[in-house]
Every structure is written in structure tokens, then in C-alpha cells.
Amino acid sequence: MKQVSNMANTSNGSLATLLILFTVSAAIHTALKDARFQLVNFSDNELRVSLSNVSLSDEGRYVCQLYTDPPQEAYADISVLIPPGNPIIESREDIVREGNETEITCTSMGSKPAATIKWMKGDKELQGKSKVEATYDRMFTVTSWLRFTVTKEDDGVPVVCIVDHPAVKDFQAQKYLEVQYKPEVTIKVEFPQGLIREGENLELTCQAKGKPQPHQVNWVRVDDDVPSHAVITGSDLFIENLNKSYNGTYRCVASNSVGETYADYILYVRDALTTTPKPTTTTTTISATTFPPDIIQDSQAGPEAQRLDHAVIGGVVAVVVFAMLCLLIVLGRYFARHKGTYFTHEAKGADDAADADTAIINAEGGHNNSDEKKEYYI
């Protein structure tokens with residue numbers, strides 16, 4: 001003879017069958033008074049009965065007695081499992097604003113034993129707070145609360161209540177969050193692309209997204225008025241023929257029932273591109289140098305333009321210095337060739353003459369007896 005312990009699963013209105021197996025050493029015949037009991041097998045060493053339509057009242061110990069000398073018996077303890085009904089999930093409000101706290105409730109009723117509840121938000125598990133209540137019919141109701149602060153990223157994310165019970169697995173209900181949030185604002189430059197210069201046109205588009213959708217989009221200029229000829233069409237701002245007086249911060253403001261948000265665009269208008277006139281030609285006695293024409297100058301055109309300006313200036317300076325050096329060399333050679341000695345008549349015969357007439361007469365004799373006098377021109 002052996003002792004058997006078994007469990008049966010049932011729910012309201014369902015039909016379940018309980019098989020109780022007894023192994024005995026002799027044939028036994030026992031009268032079963034309950035019509036739900038059916039004899040399944042009766043042999044020399046086994047008596048098997050079934051119990052249909054199991055209910056919670058059928059829970060307990062079942063005994064098989066063997067009338068021998070002395071009498072023998074065996075028993076089986078039966079536990080009836082009652083799965084919970086469909087979980088009920090509810091929220092305190094259907095629509096939540098970002099930054100506010102929401103509360104969601106999940107209820108599992110009519111189970112035995114009590115079920116356990118866990119929460120998932122997206123793929124993240126959250127911790128709730130549960131309470132278990134026993135009912136008059138020896139079953140249990142479990143209620144779990146989940147509280148958390150919502151963000152705009154929670155919009156459309158499912159919150160899942162998962163019920164765990166020995167009779168069922170992953171029994172769940174879910175609710176999708178609906179979160180309202182302030183507009184998100186960005187400004188897109190339609191044209192021009194790159195640096196903005198005088199004389200060009202500017203078009204800005206304000207892109208605003210929120211829940212609910214923004215009902216108002218405005219363009220303003222911080223600390224000043226929008227140019228009088230600017231055209232505002234819905235979320236677009238258009239300004240033609242730009243000049244530096246339009247420099248400033250332009251703000252797009254979007255609002256809905258949750259709040260107001262803005263984005264700024266800083267306009268900086270640069271000088272228009274200009275072309276410098278052709279430089280004049282400089283001529284020296286040695287050579288003539290012509291500066292490169294049509295040099296585009298723009299101090300704000302970026303690093304490439306600045307490097308071009310520096311290269312041009314350096315080339316011009318080098319040419320001028322070279323020309324001056326050549327001029328100095330030519331002049332030096334010229335003056336070197338024209339230095340030498342020569343004679344003057346102011347002292348010829350004057351040392352021995354008594355008067356001027358005598359000196360002139362003495363000078364007529366030529367340069368043979370006169371001293372050579374060197375004189376340099378500087």
C-alpha cells in the first residue's frame with residue numbers, strides 16, 4: 001500500500017477530473033456514495049476512482065481502507081487550485097502631463113492561493129505595492145498599485161501588469177500611456193546655405209512638435225522689432241535684401257495647452273563679396289613690375305581667403321624690395337665709374353708771382369711744373 005498526495009485545478013463552472021490511485025495487495029470493493037466518483041479500474045492489486053467537476057469543497061484528505069487482519073489504510077491529500085480571473089488594470093487618469101505623477105492599479109480576483117503581481121514599463125521592471133485580501137469562500141483578491149512620474153518619452157509606452165499563479169503563467173493585462181508635453185521647437189535655415197552676406201535673402205522655418213499639437217507659432221526679434229518688410233507666413237520667416245542692421249536674435253515661440261517653448265536663431269550679416277581694382281604699374285631704370293590684377297579680398301571669407309591675402313601681400317613686398325635693391329646696385333656702380341683726378345688753374349704759378357698778371361703769365365707754361373691735385377665728387 002502507498003500514500004498518495006495530489007492536487008487538482010478547477011475554476012467556476014469548469015469540469016475537472018481527479019484520479020486517485022491506490023495500490024493494494026487484495027481486491028477491495030468500496031461503495032462510493034457521491035455520483036461524481038466513478039470507478040476507473042478494479043483489479044487484484046489496484047483500485048482507481050475519478051472525481052469530476054472538482055470544486056473547492058472537494059479539497060481535503062481521501063482515505064482508502066483495506067479490510068485485512070489487521071486493517072490497513074492509505075490516504076491522499078488533495079489541494080484544489082483556483083486560477084485568478086482576468087486581471088483588471090486601471091489608471092487614475094487617462095491622459096497625464098509630463099512631469100506629473102500617475103497611479104495605475106491592477107487587481108487579480110478569486111484565486112487560490114493568492115497570486116503575485118509584477119509590473120513592466122516597456123522593457124523595464126518597476127516595483128509596485130501590493131495588498132492581499134481573503135474572501136469568505138477561502139479565495140484571495142490581490143491589488144497592486146504602481147506610482148511613477150511620467151516624461152514625454154513615456155507617451156505610447158505600454159505598462160503591463162503580470163499575474164503569476166501556480167495554475168496559470170504570465171497572465172497579464174496592459175495599458176498604453178498617453179502623455180501630453182510642451183512643444184519641441186527647432187529652426188531650419190532654408191536658404192542661404194553657409195555664410196550670410198549683405199544683399200542676400202533669408203528664409204527660416206520653425207518646426208514645432210508637441211502633444212497636443214501646437215496651436216500657435218509666432219516669430220519675434222529679441223530686444224528689437226522684426227524688419228518692416230519681413231514676411232511671416234505660418235511658421236516661415238522671409239527677409240529679403242539683408243543688411244547689417246538686421247543683425248540680432250530671432251525667436252520662434254510655440255505653445256499648446258501644456259505650455260510654451262521657444263528656439264533662437266542668431267543672424268549675423270557679413271559684408272558682401274567685393275573685387276579690388278587693378279594695381280598700377282611701377283617702372284624703374286632696371287625693370288618694370290606689374291601687380292597681379294583682380295585679387296578678391298574678403299576679410300571674413302574664412303581661413304582660405306586670409307591665406308590668399310597674405311600670399312599676395314608678401315609677393316608684392318618681395319617685388320618692391322627686389323626692385324629697390326637692384327636700383328641701389330645700379331647707382332653704386334654708376335658712381336664708382338665716375339670718380340677720378342683732374343687739374344685746376346687756380347694755383348698754377350701763383351706761389352712765385354708778385355701779382356695776378358704774373359701768375360697768369362706763369363700759368364701759360366702748361367701743367368708740367370704744377371702739382372697734381374686730386375678731388376672727389378660725392
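Which strands each supply at least two residues of the lining of the largest cavity? They are β9 (101–111) and β15 (168–176), strands being DSSP runs of E of at least two residues, numbered from the N terminus. The model is predicted, so that local features need pLDDT of at least 70 and side-chain atom pairs count only at pLDDT 80 or more, while totals for chains, interfaces and linings use all residues. Residues are numbered from 1 along each chain as its sequence is written, and side-chain values use heavy atoms, without hydrogens and water.

A cavity is a set of points on a 1 Å grid over the protein atoms alone where a 1.4 Å probe fits but cannot get out, and lining residues have an atom within 4 Å of a point. One cavity of 30 Å³ or more is counted, and the largest holds about 60 Å³, a volume being the space filled by probe spheres set on the points. Its lining includes Val96, Ile104, Lys175 and Glu178; by class there are four nonpolar, two polar and four charged residues.

The largest nonpolar core has 19 residues, with Leu242 and Leu267 making the most contacts inside it. Such a core joins buried Ala, Val, Leu, Ile, Met, Phe, Trp, Tyr and Cys residues through side-chain atoms within 4.5 Å, buried meaning under 20% relative accessible area with a 1.4 Å probe, protein chains only. β17 (202–211), β20 (236–239), β21 (248–255) and β22 (260–267) give two or more residues each, and β17 gives the most, with four. Apart from this core lies another of 18 residues, among them Val96, Ala115, Val163 and Ala173.

Conventions. Buried < 20%, exposed > 50% of the residue type's maximum accessible area, 1.4 Å probe, protein only. 1 Å grid on protein atoms, 1.4 Å probe; cavity = no way out; pocket = protein on both sides within 12 Å on 5 of 7 lines; lining within 4 Å. Nonpolar A, V, L, I, M, F, W, Y, C, P; charged D, E, K, R; others polar.
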